[in-house]
Amino acid sequence: METEPPIALAQSSLENQRAAERRVDMAERFDDVVIKSPTDRRLYRILHLPNGLCALLVHDPEIYPEGLDAPHDGAVEEDASMDEYEEDDDDDCDGVDDDEEYESDEEDESDEGEDGEGEGDEGQSMIKSKGKLSHTKKVAAAMCVGMGSFSDPYNAQGLAHFLEHMLFMGSKEFPDENEYDSYVSKHGGSTNAYTETEYTCYHFEISREYLKGALKRFSQFFISPLMKIEAMEREILAVDSEFNQVLQSDNARLQQLHCHASTPGHLFNRFYWGNKKSLMDAMEHGVLLQEEISKLYMENYHAGIMKLVVIGGDPLDVLENWVIELFSNVKAGPSLKTNYNTDVPIWKVGKLYRLEAVKDVHVLELAWTLPCLHNEYLKKPEDYLAHLLGHEGRGSLLYLLKSKGLASALSAGVGEEGMSRSSIAYIFVMSIYLTDSGLEKFDEVIGFVYQYIKLLRQTSPQEWVFKELQDIGNMDFRFAEEQPQDDYAVNLAENFFFYSKEHIISGEYAFEQWDPELVQNILSLFSPENMRVVVLSKSFDKQSQAIQYEPWFGSQYIEEDISPSLLKLWGNPPEIASSLHLPSRNDFIPSDFSLRNANISKNLSNISCPQCIIDNPLMKLWYKMDTTFNVPRANVYFLITVKDGYSSIKNCVLTELFINLLKDELNEIIYQAGVAKLETSLSFVGDKLELKLSGFSDKLPILLSKILNLSKTFMPKNDRFKVIKEDMERKFRNYNMKPLSHSSYLRIQLLRRKFWGVEDKLSCLLHLTLSDLIEFIPRLLSQLYIEGLCHGNLSEKEAIEISNIFTDTFSVEPIPAELRHKESVICLPSTSNLIRSVLVKNAQEVNSVAELYFQIEQDVGIEATRLRAITDLFSNIIEEPCFNQLRTKEQLGYVVECSPRMTYRVLGYCFRVQSSEYSPIHLHGRIDNFINGLRDLLESLDDESFESHRSGLIAEKLEKDPSLSYETGNYWDQIVDKRYLFDILKLEAEELKSVKKSEVIDWFNEYLRPESSKCRWLAVHVWGSRTNYKEEALLHGKLGKVIEDVDLFKSTSNFYSSLC
């Protein structure tokens, strides 16, 4: 093989250098253009490359804190070991463990989004300064390509989403399929992507030394992806698994009905998700998928419609040079937006759709089409109308509907997703959550909607309402809480498509131009003739001859014509209910933004963790003034132990009933405060009431006083009792509809000593009366114990005054410590192999779950910190190989997870896979096979890779919280768990500095190898509808002991001592 002579190499190098210089010279840059908050210390530069790519470069000075210099070249492009860490002699506490999971008997039942992928944990890099470990942040990047599902070929629907998947499968320069993910994961980062209707976004975050290395791999997505046929065959299964995650989602079914029932030929009349059937059908009809996806890429992935955001700690000039170097080879293209044909109407008018629900819900959805309002973002007429139509205070539409027992909740506005906010049209949606009575009278409900719309037309647009929204937007922008870097990069990249350069940050907050005529014009479109009506309900006439089927989800629906007389009545109501009127002015909008830390002493400013300032039989209060984020915000959290609130199943349900009725009574106050960015959360956590107030500190004490005064005197009335009881019945019936939530519930149900099952709670609720509750409430509140945290823009005196509001309002006896409920967790027997096996709750659910939980040790004692650190390091090492093996290679399912679990201070480790194709037995076997290979994986890990994982994890442990809310949450976790180690992450980082690979191997051998006496596990199998449960369940005996009776098993088991 011939080689170039040295002279030729020198000439080539010189030519490359000159070409690079020309690219730099030809690039256009704009500094000081982007409007930013006065508190934002970051620097922004907009960069236009000659190929048409537009980039926003963000220099974040906190990535390299003051007094520290960036590495000379600004990046470590390949694996590199960090220097030995010096001991930290700083006794201050800087953070808490955000990996910890406080588990209760309540699981998150909210609907998942289309993509369903987690964003990954936030993390940061770690640097060395004057012998101490210093906090810094991660770096991030996002690329939004102006092409999405609207560009799908009609004969290959879901292709844009499939293309998004394929770009992760290697490039010419980095051909290994998991090279990009592996590189980012190894260096403390995470990756993700999602496909919208008009753009596709790819993003990552990583430890700051490795930004350029990650950008090199990332840039190849847009230059030379391989898109190999063998990878396509596997990724079709991944897309199909992703679709199956939402197959039983009512929200997804509702959205697809809108698509299906849109006018044939319109871009809305598509199937955006894509699945195995849509892609395989395309091939069966002669579509060459590899050619079609390559064509889609070549025609649409060009620099002219790409918006890149890079957030780093290096100077803007350095970031600019990297972007020019790495992204100049992206194919050039015009920056013109796609002009979609909008001649065809979106949907047929005068139609009502009845859609069968998966869950027990009654939702009335009204949708109106509006023109695209992208260019009116400084006026925001749709937000003005959403504020009034969605208001929940006295005089509002919801207030009227609740008073008549017709509805329990309402939301209104233009959604953030692509179909709702496209260049074709905006879709304004009002969702009304109906009672049983409201379902029967839904046409009457629609009549009240149009009465309120008529009121808005008669009163004309109100400038004072716009001014309130303007004031709220201005203060929210001025004192915006910082987001995690990855989220911020994505947000800015998306904003490129909606706002002008100067408003990339501020556009979403801005209410700058009052245009009453535009508001009137938009309001005129809220007519019955421009409205689509959908009733989503479990109460569905399955015997109807008019039933149709949506082809992709298989949803049953009925299409009906709305009578002309009803349309006429709605269009011009003969009267307006006297109780309907515009909202009152908002008294919670703050006016005092002064900072309490402005004049504090140096000693006080050096306090870096909460201090206990009250400790008596009734209350323990922790306090920390914010000296980090310098915003006029505060968070005040209380955990309230009530008398006998969890002592029996009846008391548990009565307590929940009381909380829900109280929230209903408080709704007007809480809603008004929320509009003014002062949020309230009241919930039943485990066995306690949790009250959280978060937002601008000025009016926070007033809000707390209003809440507590009303709570003290509150007694429920029969009409609201019936409605809230009905809501709770539905909630209990809908519980555990998602297999992943169901598996977590079953695990926790077995682990906790006292756990009231949701089926038993429903049975109990059905027999409760209003008199039961009225008799119970005085006893519930007769004795209390309160533990609280005041954190943020509050002086110590103000924190004590806040605690006095509590104690003055509820002057009751304290609950003695020995009578407060404490939770304890089962101690699984040595070498136990236990199995809980159930069918999915929803008979139509295709997904199965296998969850394998290994119990480690109780989180107590001097060795606990090191054990947590080693567990986290083990997880950091195996997470990417687990995903790569079980999802990417074996394609078991879309959800593949492995992570530590902390259940009431008992440490565990969990593997979990959800699949629509395989049974829990098969999934369990594949998890076992992966675990059996982990010893070899750990032993073969070279020193450099081990050090990379270790240093990356240390960096994550020492991450600077992005905002006050994150910091408060971390402190609160320690208080809830009664650990009070506010410097827990620093302690774990210190332990990690001396952890050796042999200790991780020893940990694995001790807790996960079947031969060990300390290896004990609980498997949860949730069987989907496609599995053969009766036959395959007979194989359980080969894996372990099946627990048939949970209560009997618990009665013969030992439990750890209670810690929280």
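In which helix does His 165 lie? In this predicted model, His 165 belongs to helix H2, which covers residues 159-166. The relative accessibility of His 165 is 5%, and because buried residues are those under 20%, His 165 counts as buried. Leaving aside residues up to four places away in sequence, the residues that His 165 touches are Glu 235, Ala 238, Val 239, Glu 242, Arg 887 and Tyr 894.

Burial is also a convenient way into strand S7 and helix H15. Six of the six residues of S7 are buried, so the strand is largely enclosed by the rest of the structure. In a regular strand, side chains alternate between the two faces of the sheet. For S7, both faces are covered: Ser 190, Asn 192 and Tyr 194 are buried on one side, and Thr 191, Ala 193 and Thr 195 are buried on the other. The partner of S7 considered here is S8, with which it pairs in the antiparallel sense over six bridges. Within this pairing, Tyr 194 is found opposite Cys 201 in S8, and a hairpin of four residues provides the connection from S7 to S8.

S7 and S8 reappear in the surroundings of helix H15. This helix, formed by residues 485-495, is mostly covered, with ten of its eleven residues buried. Among the buried residues are the charged side chains Asp 486 and Glu 494, together with Tyr 488, Val 490 and Leu 492. The cover over the buried residues of H15 includes six strands: S2 (43-48), S3 (54-59), S6 (139-145), S7 (190-195), S8 (200-206) and S9 (306-312).

Next come the packing partners of helix H10. Two packed helices are described by the angle between their axes and the distance between the axes. Helix H10 (residues 381-389) packs against helix H16 (residues 516-523) at an angle of about 65 degrees, and their axes are 9 Å apart. Because angles of 65 to 115 degrees count as roughly perpendicular, H10 is described as roughly perpendicular to H16. The crossing of this pair is right-handed. From H10, Pro 381, Tyr 384 and Leu 385 meet Leu 518, Val 519, Ile 522 and Leu 523 of H16. By class, this contact between H10 and H16 comprises seven nonpolar residues, with no polar and no charged ones.

H10 also crosses helix H13 (residues 442-459), at roughly 125 degrees, with the axes coming within 11 Å. That angle makes H10 oblique to H13, and this crossing, too, is right-handed. Here Leu 385, Leu 388 and Leu 389 of H10 meet Tyr 452, Ile 453 and Leu 456 of H13. The contact of H10 with H13 has six nonpolar residues, no polar and no charged ones. Leu 385 thus takes part in the contact with H16 and in the contact with H13.

Finally, a sheet built from later strands deserves a look. It is an open sheet of six strands in the order S26-S27-S25-S28-S24-S29, with mixed pairing. At its edges stand S26 (895-903) and S29 (1041-1042), each with a single partner strand, so one side of each has no neighbour in the sheet. Within the sheet, S25 (residues 848-858) and S27 (residues 906-915) pair in the antiparallel sense over nine bridges. In this pairing, Gln 855 stands opposite Gly 908 in S27.

Definitions and conventions: Residues are numbered from 1 along each chain as its sequence is written. This is a predicted model: local features need pLDDT of at least 70, side-chain atom pairs count only at pLDDT 80 or more; totals for chains, interfaces and linings use all residues. Side-chain values use heavy atoms; hydrogens and water are left out. Helices (H or I, at least four residues) and strands (E, at least two) are DSSP runs, numbered from the N terminus. Buried means under 20% relative accessible area, exposed over 50%, partly exposed in between (1.4 Å probe, protein chains only). Contact means heavy atoms within 4.5 Å. Two strands pair if DSSP finds at least two bridges between them. Axes are lines fitted to C-alpha atoms, for helices over the stretch in contact, and angles run from 0 to 180 degrees between N-to-C directions. Angles under 35 degrees count as roughly parallel, over 145 as roughly antiparallel, 65 to 115 as roughly perpendicular and the rest as oblique. A crossing is left-handed if the near helix is turned anticlockwise from the far one by less than a right angle, and right-handed if clockwise.
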